[in-house]
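User: I've got a model open and want to go through its empty spaces and its packing. Can you walk me through the reasoning behind the labels?

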Amino acid sequence: MKQDHRVRLTKMMLRDSFFDLMQEKPVSKITVKELCDRAGVNRATFYSHYTDIYALYEEIERDLAQTIMHSLSTTINGGSLEAFSKDICTIIAQNEKLCMAFFGEYSDPDLLLRIVDTFRERSIAMWSRTRPDLTSSELSRFYTFMANGCLAIIRSWVQSGMKESSEDIARFIEKMANSGLAAL
């Protein structure tokens, strides 16, 4: 049990330091040495958990995607755009440090698109119940439009220090989605 606690603590320190460094520079410029120095662990400890910086990054990406999917699975299946938007914004607000890193200046935009793309099929199914008159091609284009717009809104919100409440951002996203669906 103690070892499990130490491993979790070490990984948490590495992740926190990694998030800080991701706000300062691109992942490709982060070295194991500077990460270990910042986290207060030695390189051997780092290498006992990860093969390189990208292994840590991939683990964080996987964990983030799983957290989002798990948290939103009931909301997505319920079909409420309002609840879906609110849950996304709440998750982001609860994981501020992580999101500052992933929505920051040096973040990988493809990562966010990969995560958002995991919602494609479920979102299209949700919207097709609301607008059965639209073709799957129209709904797919609408999803691409909404996903990129939502990412831009959320990125702007996170980068500006999340001054607005998660509920306000969720309401804005919902309004835009409903207006877009109505315009089709």
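User: Which element gives the largest share of the lining of the largest pocket?

Analyst: That's H4, with four residues. Keep in mind that this is a predicted model. Helix H1 (2-22) also supplies at least two residues of that lining, as does helix H4 (53-78) itself. The full set is Arg15, Asp16, Phe19, Ile60, Asp63, Leu64, Thr67, Asn95 and Leu98, around a volume of about 160 Å³.

User: What makes up that pocket lining by class?

Analyst: It's a mix: four nonpolar, two polar and three charged residues. Asp and Arg count as charged, so Arg15, Asp16 and Asp63 belong to that class. Thr67 and Asn95 fall under polar, because their types are in neither the nonpolar nor the charged list.

User: What makes the other kind of space a cavity and not a pocket?

Analyst: The test is escape: in a cavity a 1.4 Å probe fits but cannot get out, whereas a pocket is open. The structure holds one cavity of 30 Å³ or more, and about 440 Å³ of space lies in the largest cavity.

User: Which residues lie nearest the centre of the largest cavity, and which elements line it?

Analyst: Ile88, Val116, Phe119, Cys150 and Ile154 lie nearest the centre, out of 25 lining residues. The elements giving two or more residues are H4, helix H5 (81-94), helix H7 (109-117), helix H8 (120-130), helix H9 (136-159) and helix H10 (166-183).

User: How many of the residues lining the largest cavity are nonpolar, polar or charged?

Analyst: The split is 23 nonpolar, two polar and no charged. The five nearest the centre are Ile, Val, Phe and Cys types, and those types are on the nonpolar list, so Ile88, Val116, Phe119, Cys150 and Ile154 all count as nonpolar.

User: Why does glutamate 59 count as buried?

Analyst: Its relative accessibility is 14%, and the cut-off for buried is under 20%, so the label holds. Glutamate 59 lies in helix H4. Beyond its neighbours within four places in sequence, it is in contact with Lys11, Arg15 and Tyr50. Arg15 turns up in the lining of the largest pocket too.

User: How do you know that methionine 69 and phenylalanine 119 are in contact, and how many residues apart are they?

Analyst: They're 50 residues apart along the chain, with C-alpha atoms separated by 8.3 Å. That spacing doesn't settle it, because contact means heavy atoms within 4.5 Å. Phe119 is listed among the contacts of methionine 69, next to Thr118 and Arg122. Methionine 69 sits in helix H4.

User: What is the largest nonpolar core, and which residues have the most contacts inside it?

Analyst: It has 58 residues, with Phe18, Phe46, Ile92 and Phe102 having the most contacts inside it. H9 gives the most to this core, at 10 residues. In soluble globular proteins, nonpolar side chains tend to be buried together. As for isoleucine 92, leaving aside neighbours within four places in sequence, its contacts are Cys99, Phe103, Ile154, Trp157, Val158 and Met162.

User: And which numbers describe the whole chain?

Analyst: There are 10 helices and zero strands. The C-alpha atoms fill a box of roughly 60 × 35 × 30 Å along the principal axes. Of the 184 residues, 41% count as buried. Among contacts between residues at least 6 apart in sequence, 65% join residues at least 24 apart. The chain exposes about 10200 Å², with carbon and sulfur atoms supplying 53% of it.

Notes:
Residues are numbered from 1 along each chain as its sequence is written. This is a predicted model: local features need pLDDT of at least 70, side-chain atom pairs count only at pLDDT 80 or more; totals for chains, interfaces and linings use all residues. Side-chain values use heavy atoms; hydrogens and water are left out. On a 1 Å grid over the protein atoms alone, a cavity is a set of points where a 1.4 Å probe fits but cannot get out, and a pocket is an open set with protein on both sides within 12 Å along at least five of seven lines; lining residues have an atom within 4 Å of a point. Grid points are joined across faces, edges and corners, and a volume is the space filled by probe spheres set on the points. Buried means under 20% relative accessible area, exposed over 50%, partly exposed in between (1.4 Å probe, protein chains only). Accessible areas come from the Shrake-Rupley method with a 1.4 Å probe; for residues, only the protein chains shown count as cover. A nonpolar core is a set of buried Ala, Val, Leu, Ile, Met, Phe, Trp, Tyr and Cys residues joined through side-chain atoms within 4.5 Å.
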